[in-house]
Every structure is written in C-alpha cells, then in structure tokens.
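Hi everyone, thanks for coming. Let's take a look at today's structure together.

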Amino acid sequence: MKTFTFQNRQRQSPLKTLAAAALAGWFLTQASAAEPTNSSPTYLRDIQPIFMGSCSRCHNQETRFVYNWLDYKTAYADRWEIKRRIWDSWKDSYYKEAMPIANSPESLALTDEERLTIRKWVESGSPRGVAPPADGVKTKAERIELGHRLFTICAACHQPTGRGLPNLFPPLAGSDYLNADKNRAIKLVINGRQGEVVVNGMKFNNNMPAFPLSDQDVANVMTYVYNSFGNSGLEVTPEEVKVLRAQAPEPVGKPAPAVKSAFE
Ligand code: HEC
Ligand code: HEC
C-alpha cells in the first residue's frame, strides 16, 4: 500500500504537484493572515523598532533614492523585497545585496532573531498591529522591558553590549558622560548630537541622528540604559523628557566634519 502511494506520487504531473503546493501555500497564508496574536509580529509593536534601529539611518524621511521604511505603507508595499533582502540574500538564496549593507554597524547589530521576526511578519500578512500602550507603564520594571525592545535602535551603533566601537561610537556601558548628567544625556537622545565628545577618556567626533521617539519611548529606552551595563540605575519619566524637549539643545563645542554615508 505504502509503495503504491509512493509510485502514484511519482507519476503525478508536475503541474498537479505545483497546484497542490500552491493550494497548501494558500491555506497556510489564510491561517496565518488571521488577527495578529501576541506571538505574531506586528509592524507597530515589533517591526518599527527594528526598522528604526537597523534601517533608518539610510531609509528615512529625508532619503530620496531609497525607500523610507518608517512609513508603514511603503514598507508594506515592498514587504516581499524586504523579506528577500533580510532573509534570502542573507542565506545566499537571492542574488541581490543583503540588507542592512554588509559591514555597516546595522548589519553587525541585527540579530538572527530580528531577521526571523521580519520574515515572519511578511509571511503572516504584515499586520500593522498595535503599539504598546503609551500610558500603560506603571513600574520601573515595565519601563525597562519596553526600553529593552527599543534598544535595537541604539544597538546598531552602541552595540548590543553597550560598549560602542572605538573611534566611532562611544560606550554607554559605564559611561561617565551618561552617568554624570542625566538631563544632558536625555537632551542628547532627543536632539541627536554632532561634534567632539570625550567618554571615559576616549575622544569621539561623529554624528548621532535624532530618532522619531515619543517622550514615553525616550523615557523607556533611557531607563533601560541606566539600568543596564553597570550604569547608575536611574529612572527616567516621560514628564521629565517633555520638559527637556521644550528646551534648546545643549551647545556642542567644536563642529565636526560631516560623516561620510556608507554609499558615498
Ligand atoms: C547603510 C545604509 C543602509 C542600511 C543600514 C539599510 N539599507 Fe536597505 N538599502 C540601502 C541602499 C543604498 C539601497 C539601494 C541599493 C540596493 O538596492 O541594493 C537599499 C535597498 C534596500 C531594499 C531594496 C528596495 C527595492 O525594492 O529595490 C530593501 C528591501 C532594503 N534596502 C531593506 C532594508 C532593511 C529592511 C534594512 C534594515 C533592516 C536596511 N535596508 C538597511 C542602504 C541601506
Ligand atoms: C547611528 C548611530 C547611533 C545610534 C543609532 C545611536 N547613537 Fe548614541 N551616539 C552616537 C554617536 C556617534 C555619539 C557621539 C556623538 C558626538 O560625537 O557628538 C553618541 C552619543 C551618545 C551618548 C552620549 C555619550 C555616551 O556614550 O554616553 C548617549 C547617552 C547616547 N548616544 C545614547 C543613545 C541612545 C539611548 C540611543 C538609542 C535611542 C542611541 N544613542 C542611538 C551614535 C548613535
């Protein structure tokens, strides 16, 4: 009996096999395109922080020649190419260049798990999803947890270990600059910074862009940073961020020459 079914399969026309495969694929998509669950990735909750951290330096509102993945419609429209560049090219099964561009800080910081999250998001119909509640945070522990997720943004440059990269990105781990003046550090994250800075005795002269983070986001990510990597354990609240956002950015001593972008 077993042998018979086997032989029967062998004899199936390629067309039939294709049709069967397509049908199976259709059922799979139907099943997974259903309402997003807590384990199926959604744009606002899971993907946007990854795009902000690992893509937005090159793919943002200002770039004219590459798409802006921070815009959901754009990302949704090109989702299959995103999946191919993030997953297939990385596995060498697609001929175009893998993303993020090889050897960029973003490509070094993007984890296998994040690549998988992007792939799953595309395969399950790319639901837009709900952002974590803005005002639902009650405890410092919740703040740290949400901040940890947003840290993908910072990890692209400051590295998942928070140790930075010599001459390029200063450390957040045990950083004297960070721990000496909380307001100055928060303002830097709100406004970005370009110029010379000395952290733990090492000189840096580079550019940190400002990210489209809400007061809540800045509070969460900074609370995570302050409570990780041997830092001082402070908590940052959205109210504090709001006050600092209304103030002028900290003046920076010497202006730095603009950093060359990776594709100049
Ligand atoms: C260091 C800059 C840089 C980073 C970081 C980067 N990209 Fe790109 N990306 C480019 C450039 C330049 C192109 C155009 C050249 C090309 O198509 O290979 C591009 C093209 C693409 C394309 C092809 C678009 C199309 O339809 O032709 C996709 C998809 C893409 N990037 C996705 C991503 C994603 C997702 C991330 C983040 C996980 C990312 N990229 C991070 C610079 C970058
Ligand atoms: C594109 C790279 C990049 C990303 C992403 C980035 N930074 Fe930075 N960051 C820098 C650079 C470069 C400097 C030094 C700026 C200068 O030279 O003026 C810096 C400086 C800092 C400093 C002050 C110096 C220190 O090491 O204590 C803090 C604090 C900081 N960043 C926090 C963050 C946080 C939090 C995030 C995530 C929300 C983040 N950064 C994302 C590049 C980046």
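I'll start with the overall fold and then visit the two ligands.

A quick word on conventions: this is a predicted model, where local features need pLDDT of at least 70 and side-chain atom pairs count only at pLDDT 80 or more, while totals for chains, interfaces and linings use all residues. Residues are numbered from 1 along each chain as its sequence is written, and chains are lettered from A and ligands numbered from 1 in the order in which they are written.

So, the fold. The protein has twelve helices and two strands, taken as DSSP runs numbered from the N terminus (helices are H or I, at least four residues; strands are E, at least two). Reading from the N terminus, the order is α-α-α-α-α-α-α-α-α-α-β-β-α-α. Of the 264 residues, 29% are buried, meaning 20 or more other C-beta atoms, placed from the backbone, lie within 10 Å of the residue's own.

Now to ligand 1. Around it are 23 residues, counted when the C-beta atom, placed from the backbone, lies within 6 Å of the molecule. Cys55, Cys58, Met99, Pro100 and Glu106 come nearest. Helix H5, residues 79-88, gives the largest share of this shell, four residues.

What surrounds ligand 2? Here we find 30 residues, with Cys154, Cys157, Pro170, Asn206 and Met208 the closest. The elements giving two or more residues to this shell include helix H8 (140-158), strand S1 (193-199) and strand S2 (202-208).

That's the tour, thanks for listening!

Methods
A residue is buried if 20 or more other C-beta atoms lie within 10 Å of its own, exposed if 12 or fewer, and partly exposed in between; C-beta atoms are placed from the backbone.
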